[in-house]
Amino acid sequence: MAYKTIIEDNIDVLVAGAGLGGSGAAWEARYWGKDKNIVIAEKANINRSGAVAQGLYAINCYMGTRFGENNPEDHVRYARMDLMGMVREDLLFDMARHVDSAVHQFEEWGMPIMKNPETGTYLREGRWQIMIHGESYKPMVAEAATKSADKTFNRICVTHLLMDDAKENRVAGAVGFNVRTGNYHVFKSKTVIVGAGGASNIFKPRSVGEGAGRVWYAPWSSGSAYGLMIEAGAKMTQMENRIVLARFKDGYGPVGAYFLHLKTYTQNCDGEEYESKWFPELSKMVGKEYLDTEGQHLSHKPIPTCLRNHAFINEVAAGKGPIQMVTMEAFQDPHLEEIGWHNFLGMTVGQAVLWASTDVNPKYENPELTTSEPYVMGSHATGCGAWCSGPEDISPDEYFWGYNRMTTVEGLFGAGDAVGGTPHAFSSGSFTEGRLAAKAACQYIDDGKADGINVSQEQIERRKVDIYRPMEHYKVNRNEIVAGDVNPNYINPRQGLDRLQKMMDEYAGGVTVNYMTNETLLNIGLKKMKLLEEDLEKVAAKDIHELLRAWELKHRQLASESVMHHTLFRKETRWPGYYYRGDALKLDDENWHVLTVSRRDPKTGEYTMEKAPCYHLVGEDEE
Amino acid sequence: MPTFVYMTRCDGCGHCVDICPSDIMHIDKEYRRAYNIEPNMCWECYSCVKACPHHAIDVRGYADFAPLGHSVRVVRDEEKGIISWRIKSRNEEMDLSLVAPITTKPWGENIPQLSDAPAPADDMRNSQLLYNEPKYIRLDDGGLHTLESNGLKLKEGVYY
């Protein structure tokens with residue numbers, strides 16, 4: 001094929017994927033690396049890319065330390081409780097102690113942050129959330145990142161990381177192709193910060209047809225953070241910890257501002273509160289320490305997100321659906337009504353479109369909610385991602401190997417969805433993680449750790465052949481059939497995605513099986529997953545756009561296989577309401593109060609699983 | 001719900017192609033105008049709608065759950081620093097106009113160029129501080145929060 005090879009050499013810091021995490025990394029890297037060559041490779045256009053592309057109406061992670069509102073450890077304890085204990089508290093503490101400085105800088109750049117007229121502090125939606133007019137959140141952050149970078153390459157789909165041929169397990173850059181020109185791009189770099197996204201669209205969605213685009217997490221979040229790092233042999237953690245969202249039905253519009261600020265609440269078809277009746281039984285499943293039906297209101301511990309989902313799912317299964325959000329009271333106040341609509345327009349316009357099309361006026365009608373298909377990501381109320389080193393002054397030995405946010409592959413760093421064990425980072429925390437990774441990456445280079453990197457011509461040529469194989473395969477086999485997409489020698493990316501989604505749904509706990517799985521199902525699933533992996537060697541792309549979809553699919557498949565292995569390994573039900581292990585329906589702290597860590601051998605594709613200790617922040621004097 | 005493009009308004013300038021995060025706004029080869037090539041990968045994020053200089057792009061709700069006859073239109077103005085929305089329901093009983101700021105400052109003038117910031121000294125490099133810190137991260141004049149400063153330790157085991 002006539003595509004050019006374009007080589008970008010002598011890069012110091014390559015940012016692969018520039019959403020909030022990658023943008024934070026590129027921006028901060030310039031400060032620590034005045035003389036360094038900083039390059040961004042972004043799949044879309046950095047001005048509207050990543051999960052924040054359409055904007056946000058809240059920043060969900062802000063401590064308010066300067067106003068005396070919270071300390072970092074308060075947020076760590078909250079995230080720990082919400083995730084049923086399974087978090088990396090060193091990384092969380094580190095993120096929380098820096099996050100406020102990011103938010104205040106956003107304000108200096110012009111981000112409209114709402115103020116509390118009485119106190120002058122930022123207007124709180126909840127304990128951790130502040131309200132913003134964030135339609136232009138991404139363009140603003142993108143400008144900061146672009147200003148810091150030497151070069152920003154838009155429309156580059158990064159497909160693989162380059163590995164050093166001189167030293168085992170050391171990163172040496174990345175490769176990909178331009179989705180407009182088709183050209184092959186090689187980025188030789190001393191360090192790579194993966195800021196790519198988590199995974200939507202790996203479980204069969206509730207929607208059929210067009211509505212499959214209205215996923216909760218962006219459809220362009222193709223699990224590339226995981227696909228890239230797993231393929232390079234980086235260890236992953238907590239990949240079983242997929243998230244299910246209780247959201248407005250079909251449009252998946254956010255509910256945070258409704259619950260916290262508008263003070264709306266949910267009810268079943270009879271207009272009754274339903275959560276509390278499921279809690280006594282659930283408390284037996286997870287233990288009193290995680291859900292204390294009598295003491296919860298006294299302890300001020302919020303009820304974990306997954307457990308509230310559990311009540312929702314069971315109430316619907318008991319025939320008491322739909323669950324509705326009671327908006328009719330709050331929306332009588334014109335100010336709150338306006339906020340309710342702005343909340344959608346600022347971050348999920350599709351929900352406004354849906355209500356307009358179905359004549360739902362929340363002033364006169366209580367809208368329906370639903371529980372979504374599962375998503376795999378690491379910055380909302382879940383913590384999938386790479387097993388990363390923490391900061392030197394906080395992390396215990398098992399969590400520390402020299403450089404903050406560096407994965408188990410040398411020179412390979414992560415931010416945002418890419419980093420495991422750090423839920424509740426959201427936009428501001430992801431940006432902060434990028435900053436931390438950038439500082440560490442510059443230090444890594446200054447310490448001479450990237451010296452002597454060698455990328456062989458063989459590797460560059462081999463990856464080129466890999467990348468274009470789907471187009472080559474199409475060309476070779478297309479004319480065997482008259483027309484159409486049914487071909488005995490290939491499947492197209494959409495057909496492959498459909499198969500992946502069906503498989504994940506039925507064997508790994510999707511919506512059609514009410515989030516249920518077990519060992520037998522997962523073993524069958526893994527067998528089918530292997531066959532899909534083989535078939536993806538025969539995925540066919542008729543043009544460059546389909547080539548993009550083919551590589552997104554391959555990243556989704558790698559992420560999905562990891563999810564299955566992790567789900568099989570953790571033999572307990574840690575997060576009822578996210579998923580259930582039917583053969584181990586209880587939370588088991590005796591055996592499973594640990595983090596799960598996996599590695600896929602890049603040569604053989606074999607998985608090894610291990611348990612890593614779970615450290616918690618406690619008072620100095622506590623035993 | 002994907003987006004669609006009005007034939008008579010589009011001049012094929014390609015702003016939507018340039019901005020679409022999902023790479024689904026393409027130029028039709030025959031008509032030389034833009035269209036959505038993959039509606040089931042459209043998030044209805046409105047990035048293309050906002051970017052279109054001719055207001056040629058609109059959204060028709062996802063066919064599998066959104067009935068016809070609604071309208072959510074938008075104008076985004078960087079110079080004025082505002083975004084204006086109009087929502088009309090199918091039954092025409094609801095007609096809302098909503099305006100929100102997108103910035104508090106003149107667009108694009110207030111983001112610092114970090115290469116102009118003074119280089120960090122060695123003690124800054126050897127600390128845990130990031131650019132511009134410890135500004136904004138403390139109530140008092142102290143430095144960064146640490147386990148020691150907050151009376152904490154990390155301990156292996158089961159804690160709630």
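The expected span of a helix is 1.5 Å times one less than its number of residues. Helix H10 of chain A, residues 334–347, is a handy place to try that out in this predicted model. With 14 residues, H10(A) should span 20 Å, and its end C-alpha atoms do sit 20 Å apart, so the two values agree. A good part of H10(A) is tucked away: the buried residues are Ile339(A), Gly340(A), His342(A), Asn343(A), Phe344(A), Leu345(A), Gly346(A) and Met347(A). Their cover includes pieces of both chains. From chain A come strand S3 (56–59), strand S4 (130–134), helix H6 (256–260) and helix H11 (349–357), while chain B brings in strand S6 (82–88) and strand S7 (95–101).

That leads on to how the two chains meet. Here 85 residues of chain A are in contact with 76 residues of chain B. On the chain A side, the largest share comes from helix H3 (residues 89–109), which puts in 10 residues. Sorted by class, this side of chain A has 30 nonpolar, 30 polar and 25 charged residues. The chains also pair up strand to strand: S20 of chain A (residues 615–619) runs antiparallel to S8 of chain B (residues 152–156), and five bridges join them. In this pairing, Tyr615(A) stands opposite Glu156(B).

Helix H3(A) has a partner within its own chain as well. H3(A) packs with helix H12(A), residues 426–446, at an angle of about 105°, their axes being 8 Å apart. That angle makes the two helices roughly perpendicular, because anything from 65 to 115 degrees counts as such. On the H3(A) side, the contact is made by Asp94(A), Met95(A), His98(A), Val99(A), Ala102(A) and Val103(A). Facing them from H12(A) are Ser428(A), Gly429(A), Phe431(A), Thr432(A), Glu433(A), Arg435(A) and Leu436(A). Taken together, the residues of this contact split into six nonpolar, four polar and three charged.

Chain A also holds a hairpin, built from strands S18(A) and S19(A) with six residues between them. S18(A) covers residues 594–600 and S19(A) covers residues 607–613; the two run antiparallel and are joined by seven bridges. Val597(A), for one, has Glu610(A) in S19(A) as its bridge partner. In the turn, Gly605(A) shows a positive phi of about 80°.

A few backbone oddities turn up in the loops. In chain A, the peptide bond from Gly321(A) to Pro322(A) is cis, with omega near -5°. Pro322(A) belongs to the loop between helix H9 (305–317) and strand S12 (324–326). Chain B has a cis bond too, joining Glu133(B) and Pro134(B), with omega about 15°. Pro134(B) is in the loop between helix H3 (122–125) of chain B and S8 of that chain.

Positive phi values also appear in chain B outside glycine. Asp23(B) has a phi of about 55° and lies in the loop between helix H1 (15–19) and strand S2 (25–27). Arg32(B), with phi near 55°, is found in the loop between S2 and strand S3 (34–36) of chain B. Are these two residues buried or exposed? Asp23(B) has 23 C-beta neighbours inside 10 Å, so this residue counts as buried, the cut-off being 20 or more. Arg32(B), on the other hand, has 10 other C-beta atoms within 10 Å and is therefore exposed, a label given at 12 or fewer.

Conventions. Residues are numbered from 1 along each chain as its sequence is written. Chains are lettered from A and ligands numbered from 1 in the order in which they are written. This is a predicted model: local features need pLDDT of at least 70, side-chain atom pairs count only at pLDDT 80 or more; totals for chains, interfaces and linings use all residues. Two residues are in contact if their C-beta atoms, placed from the backbone, lie within 7 Å. Helices (H or I, at least four residues) and strands (E, at least two) are DSSP runs, numbered from the N terminus. Ala, Val, Leu, Ile, Met, Phe, Trp, Tyr, Cys and Pro count as nonpolar, Asp, Glu, Lys and Arg as charged, and the others, Gly among them, as polar. Two strands pair if DSSP finds at least two bridges between them. Axes are lines fitted to C-alpha atoms, for helices over the stretch in contact, and angles run from 0 to 180 degrees between N-to-C directions. Angles under 35 degrees count as roughly parallel, over 145 as roughly antiparallel, 65 to 115 as roughly perpendicular and the rest as oblique.
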